[in-house]
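I opened this entry to look up how the nonpolar side chains and the aromatic rings are arranged.

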Amino acid sequence: MDYLVVRCAFCTRRYLVEIEGIDAWWASCPCGAHGFAEDDGGLGVDADSRPGFTVKEVSSGLWGEALLSDPAVVYVDEWARRWYVFWVLPQG
């Protein structure tokens with residue numbers, strides 16, 4: 001099995017992501033953040049031009065008020081398939 005190493009956007013903890021299971025990857029960090037991956041098709045065309053660990057405030061039904069990291073692009077195979085790793089930190 002092949003793995004990627006990703007870092008939480010809110011602390012220094014690192015996580016292993018199994019490439020074959022990246023479509024279902026989700027992590028809960030002790031700092032309170034949650035990590036997840038989205039594929040290339042789920043994001044806009046400018047997604048890979050943003051910095052990986054810039055954080056912005058968002059409001060959604062799932063998280064309420066939260067801090068969301070910009071996507072960090074990861075390449076998972078020799079065909080350069082892209083996935084994007086996000087971290088969200090619920091507020092309050």
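**Notebook: core, rings and surface**

I began with Ile22 and, leaving aside its neighbours within four places in sequence, I found it in contact with Leu4, Val17, Ala37, Val74, Val76 and Trp83. I note here that the model is a predicted one.

Next I looked up the largest nonpolar core, which has 19 residues, and the members that touch the most others are Val6, Tyr15, Ile22, Trp25, Val74 and Trp87. Strands S1 (3–7), S2 (14–18) and S8 (82–90) each supply at least two residues of this core, and the largest share, four residues, comes from S8. I also found a second, separate core of five residues, with Leu68, Tyr84, Phe86 and Val88 among them.

I then turned to the rings and found three aromatic pairs in the structure. The rings of Tyr15 and Trp87 have their centres 5.4 Å apart and their planes at 40°, so I entered this pair as tilted. Because Tyr15 lies in strand S2 and Trp87 in strand S8, the pair ties together parts that are 72 residues apart in sequence. Trp25 and Trp87 form an edge-to-face pair, with 5.8 Å from centre to centre and 80° between the planes. Ring pairs thus link Tyr15, Trp25 and Trp87 into a cluster. I checked burial as well: Tyr15 counts as buried because its relative accessibility is 15%, and Trp87 counts as buried at 0%.

Last, I looked at the surface, where Tyr3, Val5 and Leu16 make a nonpolar patch of about 330 Å². Val5 has its place in strand S1, and it counts as exposed because its relative accessibility is 57%, with the cut-off for exposed being over 50%.

Notes: Residues numbered from 1 in each chain as written. Predicted model: local features only at pLDDT ≥ 70, side-chain atom pairs only at ≥ 80, totals over all residues. Heavy atoms only, no water. Core = buried A, V, L, I, M, F, W, Y, C linked by side-chain atoms within 4.5 Å. Buried < 20%, exposed > 50% of the residue type's maximum accessible area, 1.4 Å probe, protein only. Contact = heavy atoms within 4.5 Å. Patch = residues over 30% accessible without salt bridge, like charges linked within 9 Å, V, L, I, M, F, W, Y side chains within 5 Å. Areas by Shrake-Rupley, 256 points an atom, 1.4 Å probe, with all protein chains shown as cover. Salt bridge = Lys/Arg side-chain N within 4 Å of Asp/Glu carboxyl O. Phe/Tyr/Trp six-rings, centres within 6.5 Å; stacked < 30°, edge-to-face > 60°.
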